[in-house]
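User: Could you take a close look at one aromatic side chain for me and work outward from there? I'd like the surroundings, the charged pairs and the nonpolar packing in one connected answer.

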Amino acid sequence: CSGRDDVADTGTGGTSDAPELSEPEEQKAGVGDAVDVTTEHGDLRVTVDGFETSERLRQEESTFNGMSDGETIGVLKLLVENVSYNDQYNKGSVSLEECMRITGSDGVTINPMSSASEYGQYAAAAGAFFDCDEGEKVRVAVWYQMDASIDEVTVMLHDPRTTVTVQVGRA
């Protein structure tokens with residue numbers, strides 16, 4: 001205390017009029033909804049088209065890399081528009097790892113596989129990395145090795161934080 005009545009006490013025991021910082025509110029979107037995402041490299045518009053597992057892919061992957069019983073391959077199908085994304089070190093390429101995370105119904109993160117191939121009309125996005133020039137739209141398939149019992153996944157897109165809950169289809 002300063003002993004003067006005209007000087008405010010600046011001790012740490014008082015309350016503050018400063019606004020509390022809080023987590024930004026989570027937004028929700030549905031399958032088929034376009035979500036605008038801002039990354040350190042620019043903006044993307046991401047639409048989750050679906051998520052499905054494939055017995056054929058599981059058998060093929062098991063032949064080459066082995067898989068535990070009870071595991072399968074899940075494929076996240078996306079439509080991505082490169083609004084202004086431009087990574088100076090990877091020109092013409094997009095990495096979704098910086099702005100997207102997938103969790104199973106148990107809340108545990110499922111990491112993308114480092115391999116993938118075309119899936120119908122969807123181009124391969126091994127490791128969630130793919131070619132897409134600024135101004136272009138592409139359909140991509142991101143592969144995940146996962147527990148076969150998972151029947152729902154949550155796609156979390158960041159900035160702003162938006163979640164898309166997707167029922168796992170069986171192909």
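Analyst: Let's start with Tyr144, which is buried at a relative accessible area of 1% (buried is under 20%, exposed over 50% and partly exposed in between, with a 1.4 Å probe and protein chains only). Before going on: this is a predicted model, where local features need pLDDT of at least 70 and side-chain atom pairs count only at pLDDT 80 or more, while totals for chains, interfaces and linings use all residues. Residues are numbered from 1 along each chain as its sequence is written, and side-chain values use heavy atoms, leaving out hydrogens and water.

So what does the ring pair with? Searching the whole structure turns up one aromatic pair (ring centres of Phe, Tyr or Trp, the last by its six-membered ring, within 6.5 Å; planes under 30 degrees apart are stacked, over 60 edge-to-face, the rest tilted). It's Phe51 with Tyr144: the centres sit 6.0 Å apart and the planes make 40°, so the pair is tilted. Phe51 is in strand S3 and Tyr144 in strand S10, so to speak a link between distant parts of the chain, 93 residues apart (strands are DSSP E runs of at least two residues, numbered from the N terminus). Phe51 is buried too, at 3%.

These two strands also share a charged pair. Arg139 makes a salt bridge with Asp49, with 2.9 Å between the closest N and O atoms (a Lys or Arg side-chain nitrogen within 4 Å of an Asp or Glu carboxyl oxygen). Arg139 is in S10 (residues 137-147) and Asp49 in S3 (residues 42-53), so this bridge ties together parts 90 residues apart in sequence. Arg139 has a relative accessible area of 31% and is partly exposed; Asp49, at 24%, is partly exposed as well.

The whole structure has seven salt bridges. One of them joins Asp36 to Arg45 at 2.6 Å, N to O, with Asp36 partly exposed at 44% and Arg45 partly exposed at 29%. Another is Lys28 with Glu26 at 3.5 Å; Lys28 is exposed at 68%, whereas Glu26 is partly exposed at 34%. Both belong to a salt-bridge network with Arg161.

Now the nonpolar side. The largest core has 33 residues, and Leu76, Leu78, Leu96, Met100, Phe130 and Val155 touch the most other members (a core joins buried Ala, Val, Leu, Ile, Met, Phe, Trp, Tyr and Cys through side-chain atoms within 4.5 Å). Strands S2 (34-39), S3, S4, S6 (100-104), S10, S11 (152-157) and S12 (162-170) each supply at least two residues. S10 gives the most, five residues. There's also a second, separate core of nine residues, including Ile73, Met113, Tyr122 and Ala141.

Back in the main core, Leu96 is in contact with Leu44, Leu78, Val80, Ala128 and Phe130, neighbours within four places aside (contact is heavy atoms within 4.5 Å).

One polar residue to finish: Asn82 lies in strand S4 (residues 71-82) and is buried at 1%. Neighbours within four places aside, Asn82 is in contact with residues including Leu44, Val94, Cys132 and Glu136. The Asn82 side chain also reaches the backbone nitrogen of Ser84 at 3.3 Å.

How values were computed. Helices (H or I, at least four residues) and strands (E, at least two) are DSSP runs, numbered from the N terminus. A polar contact is a pair of N or O atoms within 3.5 Å; within protein, one must be able to donate a hydrogen and the other to accept it, and residues adjacent in sequence count only if both atoms are side-chain atoms.
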